[in-house]
Amino acid sequence: MKDDSKEKDQSKSQSSLVDKIQQLGQSNVPQPADSNIHVLPIIGQVEGHVQLPSQNKTTKYEHLIPQLIAIEQNPKIEGLVVLLNTVGGDVEAGLAISEMISSLSKPTVSIVLGGGHSIGVPIAVSADYSFIVETATMTIHPIRMTGLVIGVPQTFEYMDKMQDRVISFVTKHSNVAEDKFKELMFDKGNLTRDIGTNVVGQQAVDHGLIDAVGGVKEAMSKLNELIEQNKGSEQQVVQ
């Protein structure tokens with residue numbers, strides 16, 4: 001019996017090792033130390049009410065929303081880092097994620113890595129402080145509709161109202177002026193096959209969309225600073 005249990009344990013460890021090699025290309029996966037900071041990646045396309053094809057890299061909003069609630073309720077988590085490399089996706093799902101991040105009581109910092117396009121823009125600015133790496137891009141363009149579109153004035157009014165929701169959120173949570181954001185959104189000369197603007201790294205900061213150019217080091221430093229400020233304010237309230 002003991003030999004059987006040993007063989008089972010060995011087979012389990014071998015299978016887990018094979019899984020690690022298949023998924024990550026290495027046998028030893030570095031384990032993070034216990035941390036007071038939670039990392040939330042938003043990768044690929046933000047998936048909303050419609051399930052995307054299996055070959056698409058997606059972030060499902062129904063997975064993120066319970067995580068954000070858990071972060072808010074967990075006393076061990078003192079700060080949140082949002083890592084963004086997204087092409088955009090469902091407008092309402094993206095706005096839902098953005099509103100939840102912005103309404104957290106704990107300090108939040110976002111980093112745009114690679115891309116923070118379309119509905120990724122509101123998610124990026126929803127944090128208390130936002131960073132973008134030098135080579136990352138953000139595409140700002142009007143919203144689009146897929147599927148059946150009824151050619152009546154009400155359809156265009158609905159799209160206009162939805163677009164106003166995005167513009168309102170971005171201008172409220174960043175330093176970009178509404179007129180400037182609309183100018184970037186409706187520019188006709190920047191994108192070859194579309195209306196809008198593609199901003200890179202420092203340009204996003206210059207326009208007031210993002211707070212600073214920086215990566216992991218800068219983001220962690222800023223988040224720890226915000227955590228200390230948050231602790232100080234809580235102590236004052238208790239006293």
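Is tyrosine 129 buried, exposed or partly exposed, and what is its relative accessible area? Keep that one in mind for Exercise 1. One thing before you start: the model you're looking at is predicted.

**Exercise 1. Work out the surroundings of tyrosine 129.**

Step 1. Start with the opening question. Tyrosine 129 has a relative accessible area of 23%. Buried would need a value under 20% and exposed one over 50%, so tyrosine 129 is partly exposed.

Step 2. Look for a ring partner. The count of aromatic pairs comes to 1, and that pair is formed by tyrosine 129 and phenylalanine 131. A pair of aromatic rings is described by the distance of the centres and the angle of the planes. Here the centres are 5.2 Å apart and the planes make an angle of 55°. Stacked needs planes under 30 degrees apart and edge-to-face over 60, so this pair is tilted.

Step 3. Check the partner. Phenylalanine 131 has 4% relative accessibility, so it counts as buried.

Step 4. Look for a charge. Lysine 222 puts its charged end over the ring of tyrosine 129, at 4.5 Å from the ring centre.

**Exercise 2. Find the buried face of H2, then of H6.**

Step 1. Get the helix dimensions. H2 runs over residues 61-73, and its end C-alpha atoms are 19 Å apart, close to the expected 18 Å.

Step 2. Pick out the buried residues of H2: Tyr61, Leu64, Leu68 and Ile71. These cover an arc of only 75° around the axis, so they sit on the same side of H2.

Step 3. Ask what covers them. Strands E1, E2 and E3 are included, and so is helix H3.

Step 4. Repeat for H6 (residues 178-185). Its buried residues are Phe181, Leu184 and Met185. They fall within an arc of 100° down the axis, so they line one face of H6.

Step 5. Flip H6 over. Asp179 and Glu183 are exposed, on the face turned away from the buried side. The buried residues of H6 pack against H4, E6, H5 and E7.

**Exercise 3. Describe how H3 is packed.**

Step 1. Check the span. H3 has 12 residues, which should cover 16 Å, and its end C-alpha atoms are indeed 16 Å apart.

Step 2. List what's buried in H3: Val91, Ala93, Gly94, Leu95, Ile97, Ser98, Met100 and Ile101.

Step 3. Name the partners. The buried residues of H3 pack against the strands E1, E3 and E4 and the helices H2, H4 and H5.

**Exercise 4. Trace what arginine 165 and methionine 159 touch from H5.**

Step 1. Place arginine 165: it's in H5, residues 153-173. Its relative accessible area is 40%, so it's partly exposed.

Step 2. Leave out neighbours within four places in sequence, and arginine 165 is in contact with Glu92 and Leu95. From arginine 165 to leucine 95 is 70 residues along the sequence, but 8.6 Å in space between C-alpha atoms.

Step 3. Now methionine 159, also found in helix H5. Again skipping residues up to four places away, methionine 159 touches Ile143, Arg144 and Met145. Its C-alpha lies 7.4 Å from that of isoleucine 143, which is 16 residues away along the chain.

**Exercise 5. Find the hub residues of the core, then visit the loop at glycine 208.**

Step 1. Nonpolar side chains tend to be buried together in soluble globular proteins. In this model, the largest nonpolar core has 55 residues, and Met138, Phe181, Leu209 and Ile210 touch the most other members.

Step 2. Zoom in on leucine 209. Beyond four places in sequence, its contacts include Val121, Val125, Ile140, Val170, Phe181 and Val199.

Step 3. Turn to glycine 208, in the loop between H7 and E8. At 10% relative accessibility, glycine 208 counts as buried. Its contacts, with the same sequence neighbours left out, are Ser174, Asn175 and Val176.

**Exercise 6. Spot the unusual phi value at serine 118.**

Step 1. Recall that most residues other than glycine have a negative phi.

Step 2. Compare serine 118: its phi is near 55°, a positive value.

Step 3. Locate serine 118 in the loop between E4 and H4. Its relative accessible area is 23%, so serine 118 is partly exposed.

Terms used
Residues numbered from 1 in each chain as written. Predicted model: local features only at pLDDT ≥ 70, side-chain atom pairs only at ≥ 80, totals over all residues. Heavy atoms only, no water. Core = buried A, V, L, I, M, F, W, Y, C linked by side-chain atoms within 4.5 Å. Buried < 20%, exposed > 50% of the residue type's maximum accessible area, 1.4 Å probe, protein only. Contact = heavy atoms within 4.5 Å. Helix = DSSP H or I, 4+ residues; strand = E, 2+ residues; numbered from the N terminus. Expected span 1.5 Å × (residues − 1). Arc of directions from axis to C-beta. Phe/Tyr/Trp six-rings, centres within 6.5 Å; stacked < 30°, edge-to-face > 60°. Lys NZ or Arg CZ within 6 Å of the ring centre and 35° of its normal.
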